[in-house]
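Biologist: Before we discuss how this chain is divided, could you put the model on screen?

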Amino acid sequence: MIRFLSSTILYSILLHNQISLICTLEEFETKMNDSLLMEVRDMQAELAIIRQDIHAHPEMAMEEKRTSTLVASKLKQWDLTVTEGVGRFGVVGTLASVKPCNRSIGLRADMDALQLIERNNATYISTKLGAMHACGHDGHTAMLLGAAKYLSEHRDSFCGTVQFIFQPGEERLAGAIAMINDSLFERFPVDAIYGLHNVPEQLGTFSIRAGPLMAASDRWNVTFRGTGGHGGAGAHLATDVTVLQAQFIMALQTIVSRNINAIDSAVISVGAIQGGSFVSANVMPSEIRIGGTARTLTASVRDLIEQRINELATNLATAFGCTAHVEYRRGGITLVNHDEQTKRAIKAAEAVVGSTNVTKNREPLMASEDFAFMLLKRPGAFIFMGNNDGAVLNKLHSPNYNFNDDAIPYGVAYWISLVQQELND
């Protein structure tokens, strides 16, 4: 009995020491993470000024002349090798470590604004009527600039080459292709490519998933043509395209509900209808146009939606004695994260905010992102970063949107963590 008690006591002591050791390691790790965030927060004011300057001078897709000039100037100031005019207005800053190494990593931020009239009360609201940074690309640019500055001052903290890629034209899904077609990856080789976007979720959190993360984005237009006629005296003599378009819109809803497997994701929305005149509302139009968007996560569903829109428009037009002309334009492709790079992105985010603040298998978003084209060329991953706190609600593409400057340190720290992990392992 005495021997048993002694063993129990000894086991308790060992267990206590083991727990103490684990706690000590966790505390040490937390201090390391806090240390990086504290260092980055020392840069926040400077980066916020840059962000707000970009916010006040928004430039539409493929028109980012001032923004790209500002980015290039900052990178040169921080002793990076800078290449301008990549894909027209793209900028690439190249940073090599103190110790020569063959490995390389690409980090990408977008720079363009949206066509919106801003409704904010900030002192730095848009100075260009009809254009504003309503998607946070001003913040993305500032955060990547912050990472470039920090890593330039700590070239001994990694071993290899970092390519800081500032991309134009994301909102038109044109900038990534423009840079790729300008030999982006041949001129600036990378082993992996990473991207980041803010989302209206809790500040200090990240979320990601391997596989499809964002949707392919297509646009469709249908033009119905009939005879038109007098809406009062001769309605029975006309082929009525207004009734046809109403039937077509209702039939569109059956594609997702009845043609597509319930476990697959898809969206079909009508965004525009044009026909007739309110000045002559007694005239039945001879032509009416309908347009919208389609979002999918797989190639097979994408093909099916295009097929069914054509079939419904053509067959319904025939049934109503009219004709249909269908245009289906494929735009952005599905953004698919690579498995290994997703794991590395998760690890880098956990090093900044801890494991409990990183969602590893979030639901896909049906928004579109042209970083997907870069992921076709190189392995990589795209991650979301929370941008909201109790006082700030940032709904993307809203005239009231304003990037939360308190999110800047998290994005900068994530980029730094990723580089130091990738180019040191």
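Modeller: Here it is, and one term comes first: the domain bounds used below come from an automatic or database domain assignment. The model is a predicted one.

Biologist: Which residues does the assignment give to each domain, and what distance separates the domain centres?

Modeller: Domain 1 is made of two segments, 29-214 and 334-424, while domain 2 covers 216-331. Taken over C-alpha atoms, the centres of domain 1 and domain 2 are separated by 39 Å.

Biologist: How many residues does each domain bring to the contact, and how much area is buried between them?

Modeller: With heavy atoms within 4.5 Å counted as contact, domain 1 supplies 9 residues and domain 2 supplies 10. Carbon and sulfur atoms give 67% of the area buried between the two domains, which in total is about 720 Å².

Biologist: Which residues of domain 1 lose the most area to domain 2?

Modeller: The side of domain 1 that touches domain 2 divides into 7 nonpolar residues, 2 polar ones and no charged ones. Together, the residues that lose the most area account for 67% of what that side buries, and they are Thr334, Met366 and Ser368.

Biologist: How many salt bridges and how many residue pairs in polar contact are found between domain 1 and domain 2?

Modeller: For salt bridges across this interface, the rule finds 0. For polar contact between domain 1 and domain 2, with both residues at pLDDT 80 or more, the count is 2 residue pairs.

Biologist: What does UniProt list for residues 219-316, and how far apart are the end C-alpha atoms?

Modeller: The unreviewed UniProt entry lists these residues as "domain: Peptidase M20 dimerisation". Over residues 219-316 the chain is 38% helix and 31% strand, and the distance between the end C-alpha atoms is 20 Å.

Methods: Residues numbered from 1 in each chain as written. Predicted model: local features only at pLDDT ≥ 70, side-chain atom pairs only at ≥ 80, totals over all residues. Heavy atoms only, no water. Buried area = accessible area lost by both parts, 1.4 Å probe. Salt bridge = Lys/Arg side-chain N within 4 Å of Asp/Glu carboxyl O. Polar contact = N/O pair within 3.5 Å; in protein donor to acceptor, adjacent residues only side chain to side chain. Nonpolar A, V, L, I, M, F, W, Y, C, P; charged D, E, K, R; others polar. UniProt positions renumbered as here; feature names shortened; annotations may be inferred. Helix = DSSP H or I, 4+ residues; strand = E, 2+ residues; numbered from the N terminus.
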